[in-house]
Amino acid sequence: MSLLSTLIFLPLVAGLLIILMPSAWQSRYKYVALGVIAIQVILSAYIYLNFNAGTFTGIASQNKFQLVERLPWINISLGTLGKLQIDYFLGIDGLSMPFLVLTSIVMLVAVLASWGIKTNLKGYFALFLLLDTAVMGVFASLDFFLFYIFYELMLLPLYFLIGMWGGVRREYAAIKFFLYTLFGSVFMLLVIIGLYFSVTDPQTGNHTFNMLAMMDPANYTQGSIFSALAKQELFGISARLLGFIVLFIAFAIKVPIVPLHTWLPDAHVEAPTPVSIILAGILLKIGGYGILRVCMSIFPDAALQSAWWLGLIGVVSIIYGGLNALAQTDLKRLIAYSSVSHMGFVLLGIASLTAEGVSGAMMQMISHGFLSSMLFFLVGVLYDRVHDRQIPNFRGLALIMPKYTVFIMIAFFASLGLPGFSAFIAEAFSLIGAFTSESVNGLLPRWMAVCGSIGILLSAGYLLWTLQRMFFGETRLMGGEAWKSALTDVNGREVLALSTLALFALVLGIMPSLAFDKMNFSVLELIRLVNQK
């Protein structure tokens, strides 16, 4: 088995092993999961260190992808319709490789956060590892059918992880998350089928789900629904623009954008801490990755046509998310709304279709992956001790939890874009891209960048206000002495997880070239692909 397949399916094998292990060994399940994900971290680090960014730019050519695995998977004769051709097709480039590294690290932190799970450990860790397999598969797949299978596979473990191990309203949150995501996925499947019957493999002549073939206009059958030359319209909208909109909505639900964001606060508030870490650290990034890998690459003409609206949605998400975060009294819900605001910078950077903007969007996804995981871990530490997250119920925590306060200050200041941390670089590049877009390609007006910058002010407002209310001043706790004795400072396991995330946020802030050098050539290739349309 090659490297990418090992990275994807190793957690699945470990999950099956946990299912087969006797219940008497349940205290060992977490160590099996920890060991497997530690191996995954080592493999992803090896991939990062050996990644050749300059030669292998990826995007639209199989020869420019690395660690390619392509095997015939399903070949069925369809009579007059030819053959159904589906390949097991994996590969990575500068768009996907950083997310493999991010996923492995966030999963490691999430499994360390899972020490507090006490019920039905066999089911929990089996579903946890199945989710890991699905996420890795999404980032490595280059066949649209295989991509869709992994994309849908994420739904099952997440539904049960929220619905069985979540809070009081866990069933409501799980069903809401499931329905939102399924809504986008069903219509995505229709577009995938339409693309399949529009595109032929240049080697075999059969229709294909190969995403790279879908990026070349020469592979579209003349007169097919998604052909660039076809003048077909549905509901008064060109078929290609409609296909772009449907795929965009499917991925935008994951980002999430306003107004498709309402599942996120409920899912975060009710989900157990490890699942909140995965949701914020990885799942939201799949939306941004999908927009780049699928929407922009397959429908570049529609992407150019829709750029202004994408930028506007990004600005609305930035401001709306920030204002909602400012109004929250639940610490976890505040961080959930801050994710909506911060992911708005991703959409704004992508919409600019400039090298700075798209690189900034990529960096924002990576930075937010580390920082949001750190923030939700910190909320989980507090909740595990006193089972309360209400901001007004805490005061003067710095006096009784000094180490915890240091970590929360690092996370807050890094998240609001303090220079020296990764979020500063990411937001600065996204805004630079949006600001220069008007002169470079004429897609976004400069007022969008100016309005987007308001989000940085809002994030400073709600994070510093929360810091002042909860951590400084004379200690006053709603639970009195019982809470004071329960609020012990962070232990060694928690320090390890938090230090890891803080270190990555700091290192990427000081040396952003560690990320930019790996993804820049692929970003430039993507922009070239879009602009040549």
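The exercises below, each with a worked solution, concern a predicted model.

**Exercise 1.** Determine which residues make the nonpolar surface patch of about 510 Å², and which element gives the largest share.

*Solution.* Begin with the members, which are F183, V186, F187, L190, I245 and I249. Next, assign them to elements: those that give two or more residues to the patch are α7 (170-198) and α9 (239-254), and the largest share, four residues, comes from α7.

**Exercise 2.** Decide whether helix α9 is largely enclosed or largely open, and place I245 within that picture.

*Solution.* Take the geometry of α9 as a starting point: its 16 residues reach 23 Å from the first C-alpha to the last, close to the 22 Å expected at 1.5 Å a residue. Then consider burial, where 14 of the 16 residues of α9 are buried, so the helix is largely enclosed by the rest of the structure. I245 lies in α9, and because its relative accessibility is 31%, between the limits of 20% and 50%, I245 counts as partly exposed.

**Exercise 3.** Compare the settings of two salt bridges, R293 with D93 and R528 with E525.

*Solution.* For the first pair, the side chains of R293 and D93 meet at 2.5 Å, N to O. This pair links distant parts of the chain, 200 residues apart, with R293 in helix α11 and D93 in the loop between β2 and α3. R293 is buried at 0% relative accessibility, and D93 is likewise buried at 0%.

For the second pair, the closest N and O atoms of R528 and E525 are 2.7 Å apart. Because R528 and E525 are three residues apart in helix α20, about one helical turn separates them. R528 is partly exposed at 42% relative accessibility, whereas E525, at 15%, counts as buried.

How values were computed:
Residues numbered from 1 in each chain as written. Predicted model: local features only at pLDDT ≥ 70, side-chain atom pairs only at ≥ 80, totals over all residues. Heavy atoms only, no water. Patch = residues over 30% accessible without salt bridge, like charges linked within 9 Å, V, L, I, M, F, W, Y side chains within 5 Å. Areas by Shrake-Rupley, 256 points an atom, 1.4 Å probe, with all protein chains shown as cover. Salt bridge = Lys/Arg side-chain N within 4 Å of Asp/Glu carboxyl O. Buried < 20%, exposed > 50% of the residue type's maximum accessible area, 1.4 Å probe, protein only. Expected span 1.5 Å × (residues − 1).
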